[in-house]
Amino acid sequence: MSTPAIIIATIKLRPGMDAQFTAWKAHNDLVIGKFPGFVGSDIIPPTKPDSNEWTIILNFRSNEDLVVWQKSKERAEIIAEGLPLFEGSNFSEVVQVGESGERPDSNVTEVIFSKIKPGKEDTYREWAARIQSAQAKYPGYKGTFLQPPDEKGGFWTTIMRFDSASHLEGWMNAPERKEMLSESKAFIEHEQLTRLATSFPGWFPTDPTTGQGPPNWKAAMLVLLGLFPIVMLESFFVMPRLASLNFSLALFIGNAISVALTTWLTMPVFIKALDWWLFPKPDAPKSVHLKGTLLVCAFYALSVAIFWKFV
């Protein structure tokens, strides 16, 4: 098995060179993305208000793949193009073997899966570099990781990090972002957004138009709706068969079954069926919230009534 390797490059950008840096980064991504063994890149903006130091992390499947990139004429040309943009014409790199790039922790992470139209990959890379540069100017931005698909026609993965939900919302709702998203319709066939800072990460998708998940109270109501019948069925058919086990082990097995069935059975069904309530359209009447809530409560009553006969 090959050992992963990374290059960590730090640069100090000259004042007023933001647009040129965006174009240089887009060209860099376009060139390196075609090299065998390249996994993905991570760009981290300055961490202090008075700093101009950017960090770029390049991930490779193996040290051999990294060395091929380092010795390539393409890399030499890329660095030569970028040197006029950097203070003191400085471009420093550190190579680490045996680990993938460490990405700093953050409170909120938005994961975006993008399916790119055939033949539009280069256009997408250039656009991705521009949108990274734009979001880097917003408060709380902590970096973006971009990874190409493993196979042709697969999804590109973007991991975007902010220090708080409010700062992430500031960018997700920014007119600048909406303008760039309208531009992306020419080369992005489909996108799916997932936020890893919700009450129930992994169960609920986010609204592609806003990047937001459903309100916590709606998410909690739907989880209860999906979990209750599974727990009841377990109590009738599974738990009696686990009675000979230690109570803690039996309960653990029961909980594992409940979580699995809720994740892959009931939640997908309810989320699809109640999508109109979880993510109302902008022109939907305000009554949609009340109607959906009453419908879920009716399902509660029906579930209780069905199992009432068996208790």
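Leaving aside neighbours within four places in sequence, leucine 181 is in contact with Trp127 and Glu191 in this predicted model. Leucine 181 is found in helix H6, and although 54 residues of sequence separate this leucine from tryptophan 127, their C-alpha atoms lie 9.8 Å apart in space.

Tryptophan 127 also appears in the description of the largest cavity, where Ile112, Trp127, Ile131, Gln135 and Thr158 are, of the 17 lining residues, the closest to the centre. How much space lies in this largest cavity? The volume is about 180 Å³, and the structure holds five cavities of 30 Å³ or more. Rolling a probe the size of a water molecule over the atoms is what shows where such empty space is left. Two or more lining residues of the largest cavity come from each of strand S5 (108-116), helix H4 (121-135), strand S6 (141-147), strand S7 (155-162), helix H6 (175-184) and strand S8 (188-195), with the largest share, six residues, given by H4.

The largest pocket contains about 470 Å³ of space. Its lining has 21 residues, of which Pro45, Pro46, Ser51, Trp54 and Ala136 are the closest to its centre, and the elements that give two or more residues to this lining are H1 and S6. The make-up of the two linings, together with that of the helix contact described below, is set out by residue class.

| Site | Nonpolar | Polar | Charged |
|---|---|---|---|
| Lining of the largest cavity | ten residues | five residues | two residues |
| Lining of the largest pocket | eleven residues | five residues | five residues |
| Contact of H1 with H4 | three residues | three residues | seven residues |

Two packed helices are described by the angle between their axes and the distance between the axes. For helix H1 (residues 18-32) and H4, the axes come within 8 Å and cross at roughly 145°, and the crossing is right-handed. On the side of H1 the contact is made by Asp18, Thr22, Lys25, Ala26, Asp29 and Leu30, while H4 contributes Asp122, Arg125, Glu126, Ala129, Arg130, Gln132 and Ser133.

How far these details can be read depends on the confidence of the prediction. The protein chain averages a pLDDT of 81, with 86% of the residues scoring at least 70. Among the elements of the chain, helix H10 (residues 287-308) has the highest mean pLDDT, 92, whereas strand S4 (residues 92-97) has the lowest, 59. Over residues 100-106 the pLDDT stays under 50, and for this stretch the model has 16 contacts beyond four places in sequence. Where pLDDT is low, the predicted coordinates should not be read in detail.

Terms used. Residues numbered from 1 in each chain as written. Predicted model: local features only at pLDDT ≥ 70, side-chain atom pairs only at ≥ 80, totals over all residues. Heavy atoms only, no water. pLDDT = per-residue confidence, 0-100. Helix = DSSP H or I, 4+ residues; strand = E, 2+ residues; numbered from the N terminus. Contact = heavy atoms within 4.5 Å. 1 Å grid on protein atoms, 1.4 Å probe; cavity = no way out; pocket = protein on both sides within 12 Å on 5 of 7 lines; lining within 4 Å. Points joined across faces, edges and corners; volume = space filled by probe spheres on them. Nonpolar A, V, L, I, M, F, W, Y, C, P; charged D, E, K, R; others polar. Axes fitted to C-alpha atoms, helices over the stretch in contact; angles between N-to-C directions. Left-handed = near helix turned anticlockwise from the far one by under 90°.
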